[in-house]
Amino acid sequence: MERWREGRVAVPGGNVWYGVAGDGLPGVPLLVVHGGPGISHDYLENLAVLGDERPVVFYDQLGSGRSDRPEATDLWTVERFVEELACLRREAGLPEMHVLGQSWGAMLVAAYLAESREGVRSVIFSGPALSASRFAADQETHVAVLPSAVRETLQRCRDQEDYASDAYQNAMQVFYRRHVCRLDPWPEALERTFSAMNPTVYLYMWGPSEFDPLGTLRDADYTSVLPTLRFPVLFTCGEFDEATPETTAYYCSQTPGAEMAVLEGTSHVHHLEAPEKFLALVRAFLRRAEG
């Protein structure tokens, strides 16, 4: 894309990569915060088309993608990721910004807003994982209606803590193709994200699977931030999203004046499954927020 800029910024623990689509355009920039933890921004790169009217800033969190991958586990804390985001904001020159957080990225954005919201014009929580316990409970609901053979395989492997076996991974694929991405084949950008995943960060912070939050985030809950937000907020999710419409509606109900959109027939990466609808939704929301 034209007007593209990229660089690296020093953060606690190493250096992170960032890229800006639409660099230099006059609109209020949009900062895109990816999910994981431990995956890259690549699966969100189609948001770069919004760079035709504003800068759109992407980055790979430390430990993922094109950023450094240190091994020290004491770096994998929400507090350090919040500080990282603040460093990036200074380096990329974002005195004012909109923010989009997807999945774990929504939790990270909420944690950031608990510390600072100066210059934040609006927030989009996409497929939000704001409460670990709610997110895990929703996955158990999804698992309960999987085919019996898949459920039995998942339960047996979980009981035996056998998360690396082909049987477990094959059963997980059934879940992923219902609730993470329903496209067949998966988009290349999503495949690229999963192939570059850093499982060490994901395992340490979340756990061995989407339904087993045994890591440091197991008690994380940032829903208390929502009632304090005083700028435009949009929640999005897919009809079959890991972040269920019911839970997303609860988050929306806790946020003054917030809007919510459910994209029919889609799941967790609804921005890839229904890109035209999602991008039009985001574009219109950003324009309203600035108006």
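Start by selecting residues 5-11 and 14-21, which are strands β1 and β2: in this predicted model, the two strands form a hairpin with 2 residues between them. Within that turn, click on G13, whose phi is positive at about 105°. Now follow the two strands away from the turn, and you will find that β1 and β2 run antiparallel to one another and are paired over 7 bridges. To see one of these pairings for yourself, select V9 and look across to β2, where the bridge partner of V9 is V16. While you have the strands in view, keep in mind that side chains in a regular strand alternate between the two faces of the sheet.

Next, select G36 and P37, and show the backbone atoms between them. The peptide bond that leads from G36 to P37 is cis, with an omega near -5°, and P37 itself sits in the loop that runs between β3 (30-33) and β4 (56-59). A second bond of this kind can be found by selecting D184 and P185, which are joined by a cis peptide bond with omega at about 5°. For P185, the surrounding loop is the one between α5 (166-179) and α6 (188-195).

Which residue in the loop between β5 (97-102) and α2 (104-115) should you select now? The stop here is S103, which is placed in that loop and has a positive phi of about 60° although it is not a glycine. Is S103 buried or exposed? Its relative accessible area is 9%, and because buried means under 20%, S103 counts as buried.

Move on to E161, which lies in the loop between α4 (148-159) and α5. E161 also is not a glycine, and yet its phi is positive, at about 55°. Turn on the surface at this point, since E161 has a relative accessibility of 63% and therefore counts as exposed, the cut-off for that word being over 50%.

Now select V78, a residue of helix α1, which covers residues 78-92. With a relative accessible area of 10%, V78 is buried. What does V78 touch, if residues up to four places away in sequence are not counted? Show the side chains of W104, L108, A111, M205, L217 and Y222, and you will have the residues that V78 touches on that count. Then draw a distance from V78 to Y112: the two residues are 34 apart along the chain, while their C-alpha atoms are separated by 9.0 Å.

Finally, zoom out until the whole protein chain is in view, and colour it by secondary structure, which comes to 10 helices and 8 strands. The radius of gyration of the chain is 18 Å, close to the 19 Å that the globule rule gives for 291 residues, so the chain is as compact as a globular protein of that length. Along the principal axes, the C-alpha atoms fill a box of roughly 55 × 40 × 35 Å. Of the 291 residues, 58% are buried, and if you consider the contacts between residues at least 6 apart in sequence, 71% of them join residues at least 24 apart.

With the surface still shown, note that the chain exposes about 11,900 Å², of which carbon and sulfur atoms supply 50%. As a last selection, colour the 25 positive and 41 negative charges, whose mean positions are 4 Å apart.

Key: Residues are numbered from 1 along each chain as its sequence is written. This is a predicted model: local features need pLDDT of at least 70, side-chain atom pairs count only at pLDDT 80 or more; totals for chains, interfaces and linings use all residues. Side-chain values use heavy atoms; hydrogens and water are left out. Helices (H or I, at least four residues) and strands (E, at least two) are DSSP runs, numbered from the N terminus. The radius of gyration is taken over C-alpha atoms; the globule rule is 2.2 Å times the number of residues to the power 0.38. Buried means under 20% relative accessible area, exposed over 50%, partly exposed in between (1.4 Å probe, protein chains only). Contact means heavy atoms within 4.5 Å. Accessible areas come from the Shrake-Rupley method with a 1.4 Å probe; for residues, only the protein chains shown count as cover. Lys and Arg count as positive and Asp and Glu as negative; His and the chain ends are not counted. The place of a charge is taken as NZ of Lys, CZ of Arg, CG of Asp or CD of Glu. Two strands pair if DSSP finds at least two bridges between them.
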